[in-house]
Amino acid sequence: MIFITAKFRVKPEHADNWPSITADFTTATRSEPGCLWFDWSRSLDDSNEYVLVEAFADDDAATHHVTSAHFKAAQQDLPPHLVETPRIVNFKLPQDDWSELGELAVK
């Protein structure tokens, strides 16, 4: 799978509305074939920062995502709400779902 984590520093005046600002993009991405997950979280340390954790089944699914109409729209619509260019970590992993965190196993 293609596993991506990105940090978005949102302008303070838009931070509380970020979920609704990104709602159409999020919904469209989640419905893409090959999207395994696309989940936003708000930082506990910085209320203006959102973290996006996303995964795609393979290169074809990731390519479909970045060439989609909703991705192109997000490229235009989201930057005006941001303080800076989002930071990203992107890996190919030989799995297709989350693994268990054995060190914190629930028994």
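This is a short walk through one predicted model, from its largest pocket to its cores and one loop.

Hi everyone, thanks for coming. Please keep in mind that we are looking at a predicted model throughout.

Let's start with the pocket. How much space lies in the largest pocket? About 440 Å³. Its lining is made up of 23 residues, and the closest to the centre are Phe-8, Phe-25, Glu-54, Phe-71 and Pro-86. By type, the lining splits into 18 nonpolar residues, 4 polar and 1 charged.

Where do those residues come from? At least two each are supplied by strand E1 (2-9), E2, E3, helix H4 (59-66), helix H5 (69-77) and strand E4 (87-92). E1 has the largest share of the lining, with 4 residues.

Now to the inside of the protein. As background, nonpolar side chains in soluble globular proteins tend to be buried together. Here the largest nonpolar core has 19 residues, and the ones that touch the most other members are Phe-8, Val-10, Trp-18, Phe-38, Trp-40 and Phe-56. E1, E2, E3 and H4 each put at least two residues into this core, and E1 gives the most, with 4 residues. You may remember Phe-8 from the pocket, where it was among the residues closest to the centre.

Do click on Trp-40 if you have the structure open. Leaving aside residues up to four places away in sequence, Trp-40 touches Phe-8, Trp-18, Thr-22, Thr-26, Tyr-50, Val-51 and Leu-52. Apart from the largest core lies another one, of 6 residues, including Phe-3, Trp-37, Val-53 and Ala-55.

One of those Trp-40 partners, Thr-26, takes us to helix H3. Which residues of H3, residues 23-30, are buried? They are Phe-25, Thr-26, Ala-28 and Thr-29. The buried residues of H3 pack against E2, E3, H4 and H5.

Last stop: the loop between strand E2 (35-42) and strand E3 (49-56), where we find Ser-43. Leu-44 lies in that loop too. So are these neighbours buried or exposed? Ser-43 counts as buried because its relative accessible area is 18%, and the cut-off for buried is under 20%. Leu-44, at 88%, is exposed, since exposed means over 50%.

The side chain of Ser-43 also reaches the backbone nitrogen of Asp-46, at 3.1 Å. As for Leu-44, its C-alpha is 22 Å in space from that of Pro-79, with their positions 35 residues apart in sequence counted as the separation.

That's my tour, and I'm happy to take questions.

How values were computed
Residues are numbered from 1 along each chain as its sequence is written. This is a predicted model: local features need pLDDT of at least 70, side-chain atom pairs count only at pLDDT 80 or more; totals for chains, interfaces and linings use all residues. Side-chain values use heavy atoms; hydrogens and water are left out. Buried means under 20% relative accessible area, exposed over 50%, partly exposed in between (1.4 Å probe, protein chains only). A polar contact is a pair of N or O atoms within 3.5 Å; within protein, one must be able to donate a hydrogen and the other to accept it, and residues adjacent in sequence count only if both atoms are side-chain atoms. On a 1 Å grid over the protein atoms alone, a cavity is a set of points where a 1.4 Å probe fits but cannot get out, and a pocket is an open set with protein on both sides within 12 Å along at least five of seven lines; lining residues have an atom within 4 Å of a point. Grid points are joined across faces, edges and corners, and a volume is the space filled by probe spheres set on the points. Ala, Val, Leu, Ile, Met, Phe, Trp, Tyr, Cys and Pro count as nonpolar, Asp, Glu, Lys and Arg as charged, and the others, Gly among them, as polar. A nonpolar core is a set of buried Ala, Val, Leu, Ile, Met, Phe, Trp, Tyr and Cys residues joined through side-chain atoms within 4.5 Å. Contact means heavy atoms within 4.5 Å.
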